[in-house]
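Biologist: Please put the model up, and I will ask what lies behind the terms you use for it.

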Amino acid sequence: MRLNNPNQNHLLAALLDAEFDRISPYLEPIMMRLGDVLYESGGVLNHVYFPTSAIVSLHYVLENGSSSEIAGVGNEGILGISLFMGGNTTPSRAVVQTAGHGYRLKSHILMEEFNRAGPVMRLLLRYTQALITQMSQTAICNRHHTLDQQLCRWLLQTLDRLPTNELTMTQELISNMLGVRREGVTVAAGRLQSQGYISCRRGHISVIDRIGLERDVCECYDVVKKEFARLMSDVRQRQGVK
């Protein structure tokens with residue numbers, strides 16, 4: 001497989017040959033750099049994005065400028081669901097959390113395919129339901145579970161989208177994701193490190209004991225993972241995808 005291939009995105013890989021052939025000439029490969037803002041809250045969606053190796057964080061931004069993550073999107077999904085859910089703007093900001101590659105597609109091309117009311121529409125709506133579950137569970141987690149549990153959930157969800165156990169991530173960035181003070185993340189990360197679950201060095205986190213994280217995480221991680229599996233369980237890659 002090439003370093004950056006559309007079929008590294010699970011939704012693109014699930015399209016039938018005819019559907020993929022219609023949109024593939026319009027897929028633009030892009031580099032997603034850490035901190036890049038793909039769209040702002042209230043902005044018009046001129047493109048949708050399909051990450052392949054990058055991970056993008058969706059943030060809800062308050063009037064005072066503070067924000068927290070409401071969901072993450074990696075190679076399992078698409079950015080820009082507001083487009084086909086009935087609006088042309090979104091209430092969230094999309095920021096690259098983990099640098100990597102992806103593809104973008106002009107909005108009108110996706111809408112032409114969606115409006116055929118066939119397999120593409122059903123696939124995107126099913127993914128949207130899974131994403132809504134992630135958003136709902138994130139809100140519940142941030143309200144009812146400890147920061148240690150939230151950090152475990154966030155680390156595991158990030159790992160699920162990466163081919164490695166190495167995360168290029170500062171504790172300040174994690175605090176912005178979780179909507180908490182950096183000092184709290186430092187203390188929580190220190191506890192996970194003392195338990196031998198992770199190893200932290202400047203700008204990097206290595207997960208050493210994933211089983212330990214899974215043992216200590218709240219139920220929110222499992223709820224979201226099972227819902228994605230349930231909704232996407234019969235989605236298959238195109239025959240011949242490499």
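Biologist: What makes strand 2 (residues 37–39) and strand 6 a pair?

Modeller: This is a predicted model. Two strands pair if there are at least two bridges between them, and 2 bridges join strand 2 to strand 6, so the criterion is met. The two run antiparallel, and Tyr39 stands opposite Ala94 in strand 6.

Biologist: How do you know that strand 4 (residues 55–61) pairs with strand 6?

Modeller: Strand 4 and strand 6 are joined by 6 bridges, against a requirement of at least two, so they pair. The sense is antiparallel, and Ser57 has Val95 of strand 6 as its bridge partner.

Biologist: Why is strand 6 (residues 92–98) called largely enclosed?

Modeller: Buried means under 20% relative accessible area. In strand 6, 6 of the 7 residues are buried, so the rest of the structure largely encloses the strand.

Biologist: Which residues does Leu38 touch?

Modeller: Leaving out residues up to four places away in sequence, Leu38 touches Met32, Tyr49, Val56, Leu79, Ala94 and Val96. Leu38 is also among the residues that touch the most other members of the largest nonpolar core, which has 43 residues. Helix 4 (residues 119–144) gives the largest share of this core, 6 residues. A second, separate core has 28 residues, including Leu147 and Leu156.

Biologist: How do you know that the length of helix 5 (residues 147–159) agrees with expectation?

Modeller: At 1.5 Å a residue, its 13 residues should span 18 Å, and the end C-alpha atoms are 18 Å apart, so the two agree. Helix 5 is also largely enclosed, because 12 of its 13 residues are buried, among them Asp148, Arg153 and Trp154.

Technical notes: Residues numbered from 1 in each chain as written. Predicted model: local features only at pLDDT ≥ 70, side-chain atom pairs only at ≥ 80, totals over all residues. Heavy atoms only, no water. Core = buried A, V, L, I, M, F, W, Y, C linked by side-chain atoms within 4.5 Å. Buried < 20%, exposed > 50% of the residue type's maximum accessible area, 1.4 Å probe, protein only. Helix = DSSP H or I, 4+ residues; strand = E, 2+ residues; numbered from the N terminus. Contact = heavy atoms within 4.5 Å. Expected span 1.5 Å × (residues − 1).
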